[in-house]
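Got a minute to walk through a model with a trainee? Have a look at it first, then read on.

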Amino acid sequence: MLFNSIEYFLFFTIVVIIYYILPFKFRWILLLAASVFFYMYLAPSYIILAAVIALNDFSAAKLMVKFPLKKKIFLWQSLIIDLGILFTFKYFNFFSVNITKLSELIGWNYSPFLLEVLLPAGLSFYIFKSISYTFDVYRDNYKAENNIGKYFLFIIFFPEVLSGPIDRASNLLPQFNEKKAYDYSTITSGLILFAWGLFKKVVIADRLAAVVNPIFNEYTKYSGIPNIISFLFFPFQIYCDFSGYTDMALGSGLILGYKLLPNFNKPYFSQSISDFWRRWHMSLSFWLRDYIFLPIAYSSARYFSKLKGFKVDKWSYIVAVSITFFITGLWHGAGWNYIFWGCLMGFYLIFGMLTKSMRRKFLKKTHLIKSPLVPVLRIIFTFLLVSIAWVFFRSESFSQAVYILTHMFNVSMQLTGYHIGGSYYPIPYFRIFFPVILIILLLIIEKLQKDMEVQVYIKTKPIWLRWVSYYILILLIIIFNKADTSGFIYTNF
Amino acid sequence: MIKKPYILILKLFLAAVPVWLLIIYYVIEDPFKVLYEHNEYYTTESRELFINRDHVSTSLYLKNYPKYNYDSFIFGSSRSFAFSVKEWQKYISSPAFHFDAYNESLFGLYTKVKYLSENNRPLKNCLIIIDPRLLYLDINQGETHLIKDPVISGESSIIYQYKFLSTFLTGGFFVSYLNWRAGSLLQFLDFSLIIRKWYYTEDYNTNDMFYTEHELAIKENKEKFFNELSDSYYDKDSLNNQYYPHFIEKEQFGMLKEIKKNLSESGTNYKIVLYPEPNEKAFDKEDVNILNDIFGKENIYNYSGSNEITKNKENYIDNIHVRHIIGDRIMKEIYEPTDKKVEKDNLSPN
């Protein structure tokens, strides 16, 4: 059941109505039942896996409290089970195939052993959520939950089970104990946010996908302008797809009175790659910061401080970034394209750190440091770097990404049509210009929002403008939403 | 100020006004002709929205049955159009109905026979025109022009109606539709609205379809008609003497057995034609043997493969459908057998 489907609309309407009718003490049970139904609607059997993970981490946390001296053992027990499940379902076949390939190089030929399993929807998201809980209990940052039902609800809470945000126990679990009364303002904010997310998904992302996908799918038939178009469009496609999903998740939560973690903060206005990672998929990047980057940085700093001739800050940063972004790539999928994408992002960050003082000196010398043009150039440059990385992310192979990037400047080729399955279909230019208009509109709205969230921003406008906006939004959504609902990119992870 | 829930509901209702208006328009217009009973399903307009043929057949059957008491049926896809009730009645002398559907599936045939049998409707004669799709499609296809009428399929009529309404409301369909109603055929963006030129004339008593316009065009200028057909026709040299893959698996076998059981219980005199596809492909030998085993070899008439019908493009009105003269001829060969039959190449089974 995807957020942009009629099924979800019906499901959610029923849940909201019952939720506000029910006495407070039963509401979490309703949400748990609804979440189980929502998750089982996709693939019934995988609820068992979610239950095993919940039980594992819930019991580990309880044991940590009961036996504080042995809490490290329980942490490891929890991690081994969680990561073992993740490895089995997500990475086993990838590793098996690659080990077979590696063996072939030394003349040892055998068929790879492959598991016939499907990746359970949302597994990477809720496992990370559960791991963060055990870590927080281990570090005494959060008190262990006493109610296994509420903990299971935290893991599979339906607005965020498929693609996040990767919430923290400290944010979500206490909210299940708060009395959420009907609040007109919160509900309307949730509705606006949901509609805005739906607009980003079905109007912008799906329009861009219609242009980008045929080019990526048969990339050898294109060069020049089509490649430039796909290079520039895909970053907005994935942004609107994922942030659209997140807005719908946050909107759903808000309608029920829950404030979920934000995931995006106008990422294409970032002035550097590190700034980008503070604005893109924030719940993941902050998770990686807290549970991977910082522990590695601290322990490697301790290690480098014992060695002579090493700049501790610099080397601990390099080690921590390299490992963190390798994991970032791997988290997104069991494929070399994702790993390369992660490593490229890590390289950008390390290169940025190494050249920071040099760049600052250059700007000072040239008196450009206070120029208003510099932030704009930084935004454009960051966007281009991110877009290059996205080509690797979107491509199915390294050679495909290199082909697309190296065939961008043969400007003789115009995009007049698509090659699909051996046939050529002419393309109306409206299909190119309309998404461009939508991207510009999106960027203008984000710029105007400043630090406000979209639902807050729209409420500052006069009533006539609000209602005109609602009608335009609704009309565009019903025009562009398709009966056979298109999936979200990030639900594959 | 605390705003009451009814204010929220009222505002939501107002925000959804465009949706309400579209639903009201849909209910009044009934663009797919599935909401109300219609006296005529096809207009004389030069182009027609591609409506669900299964629904038309079912509605006409249910409407006309009390009057005509049909006991004989022609089943099949649009390929069966060439086999008219009008001609068939020369051999069966019974009130007959053409119970076809676009892209008729095995699911469709199975549910139709089952419906007739379970409702104790007489099933004296039946002529089944089997094409490759009909043999392997064992599911209810979801597209609006293909989904089966719930009266026959037994599936939910709410889901059935929802399918049409959601198709109308989404994917820009209604924009294309309104545009078409306003007289323009420009399609909106990449959204599909299946509109086609309506070539046929129909008989609302028997549900027969006739290729009147095609036959008229052939009569006027035969050479021109078939020269134009060549553009979309098969490259015979590359297709000769090929077989279709094996279609009858467990599911198909089960449905075919059920069809046979229902026909036997109704005491039906049935004949099955394996359609002469112009690509000259023959049905898989094993499939034909299974059909022979289930329905009896004497009831199977295999016109598929390379033969004098399929070799000659002048037997077709397009790259799929045979002309009425061929349908008439096959029926004559079935019901008034003589020594002279369609000559088949050695490669054709049966």
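Below, a trainee asks and a mentor answers about this predicted model.

Trainee: How many of the 13 residues of α5(B) are buried?

Mentor: Start with the helix itself: α5 of chain B runs over residues 106-118 and reaches 18 Å from its first C-alpha to its last, close to the 18 Å expected. Its buried residues include B:Leu106, B:Phe107, B:Tyr110 and B:Lys112. So the helix is mostly covered, and with buried meaning under 20% relative accessible area, the count is eleven.

Trainee: Which residue just after α5(B) takes a positive phi?

Mentor: The helix ends at residue 118 of chain B. Just past that, a phi of about 55° turns up, and the residue is B:Asn120.

Trainee: B:Lys148 forms a salt bridge, but with which residue?

Mentor: The closest N and O atoms of this pair are 2.6 Å apart. The pair links distant parts of the chain, 44 residues apart: B:Lys148 is in the loop between α6 and α7 of chain B, and its partner is in the loop between β3 and α5 of chain B. B:Lys148 counts as buried because its relative accessibility is 3%, and the partner, at 1%, is buried too. The partner is B:Glu104.

Trainee: Which residues are joined with B:Glu104 and B:Lys148 into one network?

Mentor: Look for salt bridges that share partners. One member is a residue of α5(B) that is buried, B:Lys112. The residues joined with your pair are B:Lys112 and B:Asp54.

Trainee: How many residues apart in sequence are the parts that B:Asp100 and B:Arg53 tie together?

Mentor: These two form a salt bridge with the closest N and O atoms 2.7 Å apart. B:Asp100 lies in strand β3 and B:Arg53 in helix α3 of chain B, so the pair ties together parts separated by 47 residues.

Trainee: Is A:Ile106 buried or exposed?

Mentor: A:Ile106 sits in the loop between α4 and α5 of chain A. It helps make a nonpolar surface patch of about 880 Å², along with residues including A:Phe87 and A:Trp108. Its relative accessible area is 69%, so A:Ile106 is exposed.

Trainee: Which helix gives the largest share of the positive patch?

Mentor: The patch is formed by A:Lys356, A:Arg359, A:Arg360, A:Lys364 and A:Arg378. Take A:Arg360 as one example: it is partly exposed, with a relative accessible area of 48%, and it lies in the helix you're after. That helix covers residues 336-365 of chain A and supplies four residues, and its name is α13.

Notes. Residues numbered from 1 in each chain as written. Chains lettered and ligands numbered in written order. Predicted model: local features only at pLDDT ≥ 70, side-chain atom pairs only at ≥ 80, totals over all residues. Heavy atoms only, no water. Helix = DSSP H or I, 4+ residues; strand = E, 2+ residues; numbered from the N terminus. Expected span 1.5 Å × (residues − 1). Buried < 20%, exposed > 50% of the residue type's maximum accessible area, 1.4 Å probe, protein only. Patch = residues over 30% accessible without salt bridge, like charges linked within 9 Å, V, L, I, M, F, W, Y side chains within 5 Å. Areas by Shrake-Rupley, 256 points an atom, 1.4 Å probe, with all protein chains shown as cover. Salt bridge = Lys/Arg side-chain N within 4 Å of Asp/Glu carboxyl O. Lys, Arg positive; Asp, Glu negative; His and termini not counted. Charge placed at Lys NZ, Arg CZ, Asp CG, Glu CD.
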